[in-house]
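Here are a few short exercises to help you find your way around a new structure. Try each one yourself before you read the solution.

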Amino acid sequence: SVLRKKLPYNLETDFRPIVGIGSVPLVLVARAGLKIKTIEEFTVVARKGSLLFGSGGVGTVGHLTSLSLLNELGATATHVPFRGNPDVMQAILGGSVDFFFGSIADALAYAESADVVLLGMTADRRAPTLKAVPTMAELGLAKIDSKLWYAFMAPSQTPADRVKRLHDAIAAAASDPDLQKQVGALGF
């Protein structure tokens, strides 16, 4: 409820946790046309206050993480909200916005592209699929550590035996080595 004063539900009382699935780090993606290669160069440009940053929408983790980064760097930029990260990536590629925080899945397809620069990620350690991309902590920005997280929840009135049954089934499926390999490649 940080972004809204009144939600139609109470996160603490209306839901019952089933199982946490994992979290995914974010990647700071910049438009190659900025002609920057490092976070230091990004900082210099960002402090001029002329950059546009995209997000998958107002209040999304990408939006808030970008604001945190700008605050940490003592910089400003103009927010351009989109309907989702694929639209933001197209805007980056088309030169309409300068940077955004996307998931590893958003950035992975462009890791070898000359159209973008992957400046850093909010992971605790470098991702196996993006070994050349430093963590924000390595860049001296340890406070920038937002991640997307995934969990299954049920209405709070769900009987305990059903929650346990769902938990056990989801946990068993999540432990499949093939699934773990697939989601591991996406930074889970």
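## Around helix H2

Let's start just past a helix: Gly-74 comes right after H2 and has a positive phi, near 70 degrees. Keep in mind that this is a predicted model.

**Exercise 1.** Work out how the span of helix H2 compares with the expected one.

*Solution.* Start with the length: H2 covers residues 61-73, which is 13 residues. Next, go from its first C-alpha to its last, and you get 18 Å. At 1.5 Å a residue you'd expect 18 Å, so the helix comes out close to that, by the definition of the expected span.

**Exercise 2.** Find which residues of H2 are buried, and what covers them.

*Solution.* First, pick out the buried ones: Gly-62, His-63, Thr-65, Ser-66, Leu-69, Leu-70 and Leu-73. Then look at what lies over them: the cover includes strand E1, helix H1 (39-46) and strands E2 (51-55), E3 (77-81) and E4 (99-103).

**Exercise 3.** Decide how enclosed strand E5 is, and find a strand it pairs with.

*Solution.* Check residues 116-121: six of the six are buried, so E5 is largely enclosed by the rest of the structure. Now for the partner: E1 (residues 15-31) pairs with E5 in the antiparallel sense, over five bridges. Across this pairing, Val-27 sits opposite Met-121 of E5.

**Exercise 4.** Is Phe-152 buried, partly exposed or exposed?

*Solution.* Locate Phe-152 in strand E6 (residues 147-155). Its relative accessibility is 40%, and partly exposed lies between 20% and 50%, so Phe-152 counts as partly exposed. Phe-152 also helps make a nonpolar surface patch of about 420 Å², along with Ile-21, Tyr-150, Leu-186 and Phe-188.

Key. Residues numbered from 1 in each chain as written. Predicted model: local features only at pLDDT ≥ 70, side-chain atom pairs only at ≥ 80, totals over all residues. Heavy atoms only, no water. Buried < 20%, exposed > 50% of the residue type's maximum accessible area, 1.4 Å probe, protein only. Helix = DSSP H or I, 4+ residues; strand = E, 2+ residues; numbered from the N terminus. Pairing = 2+ DSSP bridges. Contact = heavy atoms within 4.5 Å. Patch = residues over 30% accessible without salt bridge, like charges linked within 9 Å, V, L, I, M, F, W, Y side chains within 5 Å. Areas by Shrake-Rupley, 256 points an atom, 1.4 Å probe, with all protein chains shown as cover. Salt bridge = Lys/Arg side-chain N within 4 Å of Asp/Glu carboxyl O.
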